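Biologist: Could you walk me through one part of this model in detail? I'd like a close look at the start of the chain and what it packs against.

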Amino acid sequence: MLQLLYTAIFAEMLLILTLVFKTPLRKLVIVSLDRVKRGRGPIVVTTVGATLVVVLSSSLYSMAKIQQRTIEAGIVNPTDQVLMSKHMLEASLMGFVLFLSLMIDRLHHYIRELRLLRKTMEAVKKQTRSFEDGKNGNTEEQKALAEEITTLKSKIKKLESECDAKGNKEKTLESEVEALKKQSEGFLMEYDRLLEDNQNLRSQLEAFEQKST
């Protein structure tokens with residue numbers, strides 16, 4: 001029993017040292033612990049832990065019984081003293097085994113959390129880099145858009161000047177058309193007047209011919 005407990009303690013101490021210090025075996029130990037915590041592994045570990053707790057409780061009960069028997073007898077029995085020492089050593093070793101098991105579990109948990117945190121930070125860094133690269137690309141696109149906008153503004157100004165020139169030409173043509181209309185109206189009035197004079201002259205000529213006959 002004692003040899004088994006000492007072996008378990010030394011194995012657990014070796015596992016703790018492997019987890020604490022970054023060595024090539026650390027990754028292998030972490031993978032092994034991950035596999036132990038999957039499937040039926042937790043059930044087996046819980047069973048072993050419960051067995052140790054039961055044995056520890058039995059040792060403590062035996063120690064209490066020996067202590068009570070010694071108090072009642074009033075004399076220290078060498079056999080009880082040896083048994084007391086043995087149960088105390090076993091209880092101490094089993095308690096140390098349970099404590100080291102708890103340390104290994106917590107170390108493994110924190111190392112996993114640290115690995116997940118590092119992966120998350122790396123993903124965030126990659127996203128930040130991609131965002132910065134996209135931002136730089138966007139600045140180049142913005143520059144190109146600004147140049148296009150400047151070109152379009154110059155084209156718009158040119159078209160506006162052309163529209164103004166065409167508008168001035170249209171106004172000039174409209175004034176010329178208006179002048180031609182007025183001139184044509186004057187010609188029509190003059191033509192009507194000439195027709196009326198011609199008609200008067202014809203009527204006078206016919207009246208003169210009738211008188212002559």
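Modeller: Here's a tour of helix H1 and its neighbours. Bear in mind that this is a predicted model.

H1 covers residues 2-20, and helix H2 follows with residues 24-36. Their axes come within 8 Å of each other and cross at roughly 115 degrees, and the crossing is left-handed. On the H1 side, the residues in contact are Leu15, Thr18, Leu19 and Val20. They meet Leu25, Arg26, Val29, Ile30 and Leu33 from H2. Sort the residues of that contact by type and you get seven nonpolar, one polar and one charged; Thr18 is the polar one and Arg26 the charged one.

Now for the other thing H1 takes part in, a nonpolar patch on the surface. Tyr6, Phe10, Met13, Leu89, Phe96, Phe99 and Met103 make up this patch, and together they have about 650 Å² of accessible area. Two elements, H1 and helix H4 (78-212), each give two or more residues to the patch. H4 gives the most, with four residues. Tyr6 is one of the patch residues, and Tyr6 lies in H1.

So, to recap H1: Leu15, Thr18, Leu19 and Val20 meet H2, while H1 also shares a nonpolar surface patch with H4.

Terms used. Residues are numbered from 1 along each chain as its sequence is written. This is a predicted model: local features need pLDDT of at least 70, side-chain atom pairs count only at pLDDT 80 or more; totals for chains, interfaces and linings use all residues. Side-chain values use heavy atoms; hydrogens and water are left out. Axes are lines fitted to C-alpha atoms, for helices over the stretch in contact, and angles run from 0 to 180 degrees between N-to-C directions. A crossing is left-handed if the near helix is turned anticlockwise from the far one by less than a right angle, and right-handed if clockwise. Contact means heavy atoms within 4.5 Å. Patches are made of residues with over 30% relative accessible area and no salt bridge: like charges are joined within 9 Å, nonpolar side chains (Val, Leu, Ile, Met, Phe, Trp, Tyr) within 5 Å. Accessible areas come from the Shrake-Rupley method with a 1.4 Å probe; for residues, only the protein chains shown count as cover. A salt bridge is a side-chain nitrogen of Lys or Arg within 4 Å of a carboxyl oxygen of Asp or Glu.
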